[in-house]
Amino acid sequence: MQVIKLSATDSTNTYLKNLSVREEVPDFTVVYAVHQKAGRGQPGNKWVSEKGKNLTFSVLKRLEGLPARRHFLLNILASLAVFDALQILGIPDIKIKWPNDIMSGHKKICGILIENQMQGQQIPQCIMGIGLNVNQLEFKTLDHASSLKAITGKEFDIQELLLSLLSLLRGYLGQTGPESYPKHLQAYSKHLFLKDKSATFHRPDGSSFEGFIRGIYPDGRLKIELEGTPEAFGFKEVLYSY
C-alpha cells in the first residue's frame with residue numbers, strides 16, 4: 001500500500017485522479033491531506049474541513065470488472081468500513097444516511113464520495129474519497145455537522161484513525177464478488193438512518209410527503225413506504241427533513 005501524504009490540496013479525489021492520468025498508480029494507493037482546501041461532496045456540495053483537525057483521504061481501487069449495475073456495492077462497502085471503525089471507537093448511535101453519509105444521532109460526521117471509471121458495462125477502478133470530522137469543534141452554518149471530539153469530548157489521533165480505516169476498507173473492498181452483495185446490502189439496510197421511523201421527505205419540486213424508509217433496492221435506490229406502498233427513489237430524487 002502506497003500512502004501519499006500532502007500538507008494541503010484542493011481535493012484528494014482530484015489529486016489522485018490527476019495522478020492516475022499522468023502515471024501508473026498501484027492498486028490501493030492512498031492520498032491523505034492534512035488540509036483539504038476545497039473538498040467535494042456529492043455534485044453541488046462542498047466538504048468544509050479545518051486544517052489539521054479532520055481525516056480527509058482518497059483511495060484508488062482496481063476492481064475485477066465490477067458490473068456497472070452493481071456500482072452501489074462500492075458505497076455499501078465504504079459505508080460499512082467507516083461504520084465498523086466508529087463502532088470500535090465507541091461512537092454512539094451510528095447510522096448510515098443513504099446514500100453515503102455517516103451520522104451520530106442526527107449529526108453528520110462523515111461523507112463519502114466515490115467516482116467510478118467506466119469501461120463499457122464494467123467498472124475497472126474507482127477513486128473513493130472519505131472525509132471524517134475528527135477534532136473540529138466549530139462548523140459555522142452547518143447545523144447538522146459534528147465531529148468525534150464534539151460528540152465524545154475526547155481528542156483522537158488522526159494517523160491511528162487513518163490506519164484503522166484503511167485496514168477495514170481494504171478488507172471490505174476484497175469482497176466485491178456477486179455472492180457478497182446480498183449480505184452487504186442487508187447489513188447496510190439494517191443500519192439506515194431513520195429506518196422504520198415516520199419522517200418527512202421532500203421532492204426536488206419542493207413538495208413534501210410523510211413516509212417510512214424500509215431499505216435499499218438491489219440497484220441502490222432508497223425504498224420509502226408511502227401510505228402502505230413502497231416507492232423507489234434515486235439519488236437527488238428525495239431530500240430528508242430532520
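A strand, as the word is used here, is a DSSP run of E with at least two residues, and strands are numbered from the N terminus. With that in hand, let's walk through this structure, which is a predicted model.

Our starting point is A199, which sits in strand β10, made of residues 198-202. Is A199 buried or exposed? Buried means under 20% relative accessible area, and A199 has a relative accessibility of 6%, so it counts as buried. If we set aside neighbours within four places in sequence, A199 is in contact with L194, F209, E210 and G211. Now look for Y32: A199 and Y32 are 167 residues apart along the sequence, and their C-alpha atoms are 37 Å apart in space.

Next, follow β10 into its sheet. Five strands make up an open sheet, in the order β13-β12-β11-β10-β14, with antiparallel pairing. Which strands stand at the edges? They are β13 (229-233) and β14 (239-241); each has a single partner strand, so one side of each is left without a neighbour in the sheet. On average, neighbouring strands of this sheet are turned by 50 degrees against each other, if direction is ignored. In general, strands of a sheet pair through backbone hydrogen bonds, either parallel or antiparallel. For one pair to trace yourself, try β12 (residues 222-226) and β13, which are joined in the antiparallel sense over 5 bridges. Within this pair, L226 stands opposite T229 of β13.

Now let's turn to a helix. Helix α4 covers residues 158-173, 16 residues in total, and spans 22 Å from its first C-alpha to its last, close to the 22 Å expected at 1.5 Å a residue. At the start of α4, a side-chain oxygen of D157 comes to within 3.0 Å of the backbone nitrogen of Q159. Which residues of α4 are buried? They are I158, L161, L162, L165, L166, L169, Y172 and L173. Seen down the axis of α4, these buried residues fall within an arc of 130 degrees, so they line one face of the helix. On the other side of α4, E160, L163 and S167 are exposed. The cover over the buried residues of α4 includes β2 (29-36), β5 (55-67), α2, β9 (122-132), α3 (148-152) and α5 (181-190).

One of those covering elements, α2, makes a good last stop. Helix α2 runs over residues 72-89 and contains N75. With a relative accessibility of 11%, N75 counts as buried. Not counting residues up to four places away in sequence, N75 touches P99, N100, I114 and Y188.

Terms used:
Residues numbered from 1 in each chain as written. Predicted model: local features only at pLDDT ≥ 70, side-chain atom pairs only at ≥ 80, totals over all residues. Heavy atoms only, no water. Helix = DSSP H or I, 4+ residues; strand = E, 2+ residues; numbered from the N terminus. Buried < 20%, exposed > 50% of the residue type's maximum accessible area, 1.4 Å probe, protein only. Contact = heavy atoms within 4.5 Å. Expected span 1.5 Å × (residues − 1). Arc of directions from axis to C-beta. Polar contact = N/O pair within 3.5 Å; in protein donor to acceptor, adjacent residues only side chain to side chain. Pairing = 2+ DSSP bridges. Axes fitted to C-alpha atoms, helices over the stretch in contact; angles between N-to-C directions.
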